[in-house]
Structures are given as structure tokens and as C-alpha cells.
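Me: I would like a close look at a single part of this protein, the residue that a database record marks as modified, and then at how that part sits within the rest of the chain. Please take it step by step and keep the reasoning visible.

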Amino acid sequence: MSDTTSNVIPANLPLRNDLIGEEPYGAPQLDVPVCLNVNENPYAPDPAVCETIAERVKAIAPTLNRYPDREHVELRQAFSDYLARESGVRLDVDELWGANGSNEIMLQLFQAFGGPGRTALGADPTYSMYPEYARDTFTGWELAHRNDDFTLNVDRLIERIEAVKPSMVLLTSPNNPTGTPLAHEDIERVLAVCETAEVAGAREGVHPIVVIDEAYIEFRDPGVPSAVELIKTHANLAVSRTMSKAFAFAGARVGYLAASKGIIDCVRIVRMPYHLSAVTQAAALAAFEHTDEQLSRVNHLRETRNATAAWLKQLTYKGQALDVADSQSNFLLFGGHLDNREAIFEGLLERGVLIRVVGPAGWLRVCMGTDEEMEAFRTALTEVLNELDKE
């Protein structure tokens, strides 16, 4: 049996020169009792949801000899109904688009608006897949550094927009890996600048789009707005969402895009034929029939995040209290001054707890699990830090 985790590429294969030496993206997938490294919802779908999924898939099974609805109109209507409920914004079907996870949404945006001679601009620290989307589409990738507290430095970002002349400005809210939300006024400042900014290599009158990645938005505190609210007044705004996180649907791979019809039509040009299978569409529609059940654990995970943040701030590493980044997501970035974060990661792993070494040096990230999993994490981290303090 071949080792699927190996990336030893035979030298005689004509791999693209810029990909030689690259490794596939992905967090470790290890068989451990407590997995808190990939920001999943730890709670399985309700049995009623599973039954409806099975019923819907069974109903379309006899039609699998035919291609699915490539425009997935019924599912786009379900996205519209959900956003009207979740964010108070009613979008038209042609202002919405689905794909196989928000990863495919992002790739389609890079395919449509990136490419040779184009540049995308982000704000680091940020999601580590963005530069890979850029690489895969031959798009340049530039950064504007965030403030020390991981909030967006809007003035610095605007300076970079004027200097780089990107075709896309890509921001994440809540940010991954920090959990930091974007303020509405900051988004609107960026949108206003991009409405008149130039795009390098493009004809006169072409301006950048602003992409807000809201993969974790349902975990925000009540009252925190979504960028979806700005779509009707800003034709240059695209908001990416996913059912993977709060909706407890990571294995189904369903993401969606909310934007003006013009942006959606651009994405439709680059989408693969029949990119969303009939089975995927059926499963997603079933999940939306049980929105309450699917989102039933969000409040509890939000409470778990806040309680865990307070607990982490009471811990010390080498005599100094741990820093914890303010988060509106289902994960926490903690540490700040961990000069040997790999040792902490390995110590937790030895105790059956898997978290993530990600983000700036000195930090670690943990996503929220069940109450039992979080208890195991607290016990393990306390033991590891105590051991390191004795060295």
C-alpha cells in the first residue's frame, strides 16, 4: 500500500517548477482521543438531521444517471432564506453561489479575479491557504501587517492598496488564526477606497473587489454585524460563508458566496461543470430543514470559548501570564511568548490532545470541543506547563 502522507515526487515527473519542493496543505490528521486542531464543531448532527439527509439522498438516488442542477437554484434559495434569518438580510438567488466548501469559493474567486499579472492583498497573520490559492492561480500575494493586538491596521492596508494596486483585497472576520472580528466602519473604509483604486495591468475604470471571509461568523457575540449587511450598497463586496463550522457540516463540504450579481456571474465563468453533486445539494437542503438543530450548540461553544479564554489568562509560562487573543470564533490563539511552543504541542499530544502550531511565533491555537474534551485539554495543558516550568 502506498503511503498517502508522503510527498516524495519522482524527479522524472513534469511537476510545475514553482511547485517543486512544496508540501500539500493540511493540519495533522492523527488518531488521538481529543482533536482540537481544525476548528470543527465537535457535536454530531442531530439524529433527525441524519434521517432527513438519508431521505433526501434516497429520493434523488434514482436520478444519479443525470447531471445535477448546475445552477443549484433550490440550494441558493435556501442560502437566501438562511441569511435573511441569520443576518437580517434578504439577498436574491442571483446574489448567491454555492461550492464544495468555502475553500472552493475562494479558489473560484482567485480564478476569476486573479491570474498572471494580478495581485491579491491580505492582512497577516491570516489563513495560511490564501497564498496557496494565489500560487495555484499564478496570482501575486502581498500583505499589510495587522496591529500587535491583531486588529486591522486600516491606514496601513490603504497604503498597500494604493502601492500594490491589487485586483482583490482579502480579509477574514473573525480572523483565522486569531479570532479577531472586523469592525463595520473599517470594512466600509476599505470598500470606499477600493471603489476608486486602480488595478495593476487592468484597463481604466477597473477597481478591486473586497472579499470578506466569514467562515466563523456564527460564533460572534450577539449584536456583532455581518458584512452581508453591506452587499446591497457595495457592488465590490463579496462575502464567503461555510456550513462546515457552526452548522456542524464539515464533512459535507458546502460553502457559499454572497455578492452582487456581477461578481457571482464572474465566478460562474470559472466554475467546473456541475461542480456541486446532486448528493451534496440534497444533503445541504436537508440540513437547512433543521437549522435550529444544526446551530443548537453554537451558544454553548461561544460560552466555552469565553470560559476557556478566562482560564488560559490565569496560566503562566516561565513566570509570565499567557496572552489570549480576543476571539469571536470557535477557537483561541494563546501564548504570545511561548519560546518552545513545539514542546507544548508535543506534550499535549503525548497526553492524547491535538491542538495546532499555527500563527505568529510564540502562539498556539486550540478550537473548542465538548465539555469532556475541554476538561482533558485543561488537565493536559496544566501538566505540560508545570513540567516545563521545572526544567
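Reply: Setting aside its neighbours within four places in sequence, Lys245 is in contact with Val38, Asn39, Asn41, Ala215, Tyr216 and Phe219. The model is a predicted one, and the interest in this lysine comes from UniProt, where an unreviewed entry lists Lys245 under "modified residue: N6-(pyridoxal phosphate)lysine". Lys245 is found in the loop between β7 and β8, and its relative accessibility is 15%, so it counts as buried, the cut-off being under 20%.

The loop that holds Lys245 has a second residue worth attention. Ala248 also lies in the loop between β7 (237-242) and β8 (255-259), and its phi is near 55°, a positive value in a residue other than glycine. With a relative accessible area of 14%, Ala248 is buried.

A positive phi is also found at Lys165, where the angle is near 55° and the residue is again not a glycine. Lys165 is placed in the loop between α5 (154-164) and β5, and at 28% relative accessibility it counts as partly exposed, whereas Ala248 is buried.

Two loops of the chain contain a cis peptide bond before a proline. One joins Asp124 and Pro125, with omega at about 5°, and Pro125 has its place in the loop between β3 (119-122) and α4 (130-136). The other runs from Asn176 to Pro177, with omega near 25°, and Pro177 is found in the loop between β5 (168-172) and α6 (184-194).

For the setting of these loops, UniProt lists residues 36-380 for "domain: Aminotransferase class I/classII large", again in an unreviewed entry. The end C-alpha atoms of that span lie 13 Å apart, and the span is 38% helix and 15% strand. The protein chain as a whole comes to 12 helices and 14 strands.

The listed domain ends at residue 380, and helix α12 covers residues 371-390. This helix has 20 residues and reaches 29 Å from its first C-alpha to its last, close to the 28 Å expected at 1.5 Å a residue. Its buried residues are Glu373, Met374, Phe377, Ala380, Leu381, Val384, Leu385 and Leu388. They cover an arc of only 130° around the axis, which puts them on the same side of α12. An α-helix has 3.6 residues a turn, so residues three or four places apart point the same way. On the other side of α12, Glu372 and Lys390 are exposed.

The overall figures give the wider frame for these details. With 391 residues, a compact globule would have a radius of gyration near 21 Å, and the protein chain has 21 Å, which agrees. Its C-alpha atoms fill a box of roughly 60 × 55 × 55 Å, taken along the principal axes. Of the 391 residues, 52% count as buried, and Lys245 is one that counts as buried. Among contacts between residues at least 6 apart in sequence, 71% join residues at least 24 apart; the contacts of Lys245 with Val38, Asn39 and Asn41, among others, were named at the start. The accessible surface of the protein chain comes to about 17,800 Å², of which 50% belongs to carbon and sulfur atoms.

Technical notes: Residues are numbered from 1 along each chain as its sequence is written. This is a predicted model: local features need pLDDT of at least 70, side-chain atom pairs count only at pLDDT 80 or more; totals for chains, interfaces and linings use all residues. Side-chain values use heavy atoms; hydrogens and water are left out. Helices (H or I, at least four residues) and strands (E, at least two) are DSSP runs, numbered from the N terminus. The expected span of a helix is 1.5 Å times one less than its number of residues. Buried means under 20% relative accessible area, exposed over 50%, partly exposed in between (1.4 Å probe, protein chains only). The arc is that of the directions from the helix axis to the C-beta atoms. The radius of gyration is taken over C-alpha atoms; the globule rule is 2.2 Å times the number of residues to the power 0.38. Contact means heavy atoms within 4.5 Å. Accessible areas come from the Shrake-Rupley method with a 1.4 Å probe; for residues, only the protein chains shown count as cover. UniProt positions are given in the numbering used here, feature names are shortened, and annotations may be inferred rather than shown by experiment.
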